[in-house]
Amino acid sequence: MDTLVASHSKVVSKVQIGNSYENRPMYALKFSTGGEKKPAIWIDAGMHSREWISHATAVWIANQIATDYANNRAPVPKILGLMDIYLLIVANPDGYFFTHKSSSSFYRLWRKNRSVTSDPKCFGVDLNRNWDAAFGGPGASDNPCDEDYRGPSANSEIEVKNMANLIESHGNFKSFISLHSYKQLLMYPYSYTGTNPPDQTELHSIAVAASNALSSWHGTVYTVGSIFNTIEQASGASVDWAYNRGIKYSFAFELRDTGKFGFLLPADQIVSTSKETWLAIKYIMEYVCNK
Ligand SMILES: CS(=N)(=N)C[C@@H](Cc1ccccc1)C(=O)O
Ligand SMILES: [Zn+2]
């Protein structure tokens, strides 16, 4: 991040949105051509720490946004002329650190954050169940030892609080994109209910077009739909929270693959995954900035 800011200081800056539970700084990259409170686009990665392809893709995309802007390559200059982009590469720093402590699966496949819970044997809250959106409903667990433990209350986790605070205090986000892995899905709200969101038709058509752009690169096939219909019911999810706050263009990606490697996607797929994902994200951003 520091290298990117140093080499593109006119358009990229680092914003500390707070610290994690274990006191690691949470830095979002802000891409802006100036102006106050311009409409903005949010992209986060790594909410689930074992989904390493999401962090890697976010790093690649950060560099792509900066270099496309510097080289005046469409549509980035147009997008940044109208909107700011906030990119949080590591939404769960403590979990990410934990996944690097050992290659044994207890560490490498850690998903949650690392907060102490009411059960001394079990650490961590699933940050994607801790948001104030149907919190505590079906699609999350109240057992601290479960992978989808929602936490004691909505926004109980400092990492979620930091993200929600930035988005709320900014108040002018138009799009919210959350990168996860794996399963190759491009999804929109809701996850807490099977009821269609009011903007389902528009969100579905954007997601279909974006996934077609993605597939055009390497032939990777994504499935498109609401989170509830496509992957599972989940309460307390970030994308539902964003949509309920009026951030209409809210999406979640499940990046490669479909299970051959799963969370252990080999590093030699990082660049091709990033390039195809960028085509989809670029499509969404351009659509939003034309609205
Ligand atoms: C495989 S996974 N854990 N990334 C699937 C991910 C699905 C989801 C995305 C967005 C909103 C709600 C739910 C989750 O369980 O949080
Ligand atoms: Zn995930």
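Helices (H or I, at least four residues) and strands (E, at least two) are DSSP runs, numbered from the N terminus. The model is predicted, so local features need pLDDT of at least 70 and side-chain atom pairs pLDDT 80 or more, whereas totals for chains, interfaces and linings use all residues. Residues are numbered from 1 along each chain as its sequence is written, chains are lettered from A and ligands numbered from 1 in the order in which they are written, and side-chain values use heavy atoms, with hydrogens and water left out.

**Exercise 1.** Determine which residues are the protein donors of the zinc ion (ligand 2).

Solution.
- Step 1. Donors are N, O and S atoms within 2.8 Å of the metal (3.2 Å for Na, K and Ca); water is not among the atoms, so sites may look incomplete.
- Step 2. His48 and His180 each donate through ND1, and Glu51 is listed twice through OE, at 2.0 to 2.3 Å from the zinc ion.
- Step 3. Along the sequence, the donor residues follow the spacing H-x2-E-x128-H.
- Step 4. Distant parts of the chain are linked here: Glu51 belongs to the loop between β3 (40-45) and α2 (52-70), while His180 belongs to strand β5, 129 residues apart.

**Exercise 2.** Describe the surroundings of ligand 1.

Solution.
- Step 1. A residue is near a molecule if one of its heavy atoms lies within 4 Å of it.
- Step 2. There are 15 residues around ligand 1, and Glu51, Arg111, Asn128, Arg129 and Glu232 come nearest.
- Step 3. At least two residues of this shell come from each of β5 (173-181) and β8 (249-255).
- Step 4. A polar contact with the ligand is a pair of N or O atoms within 3.5 Å.
- Step 5. The side chain of Glu232 has an N or O atom 2.5 Å from an oxygen atom of ligand 1. For His180, a side-chain N or O atom lies 3.2 Å from a nitrogen atom of the ligand, and for His48 a polar side-chain atom lies 3.4 Å from a ligand nitrogen.

**Exercise 3.** Locate the cis peptide bond that joins Ser181 to its partner, and the loop concerned.

Solution.
- Step 1. Ser181 is joined to Tyr182 by a cis peptide bond, with omega about -5°.
- Step 2. Tyr182 is found in the loop between β5 and β6 (185-188).
- Step 3. Another cis peptide bond runs from Ala74 to Pro75, with omega near 0°; Pro75 lies in the loop between α2 and α3 (76-82).

Notes. A polar contact is a pair of N or O atoms within 3.5 Å; within protein, one must be able to donate a hydrogen and the other to accept it, and residues adjacent in sequence count only if both atoms are side-chain atoms.
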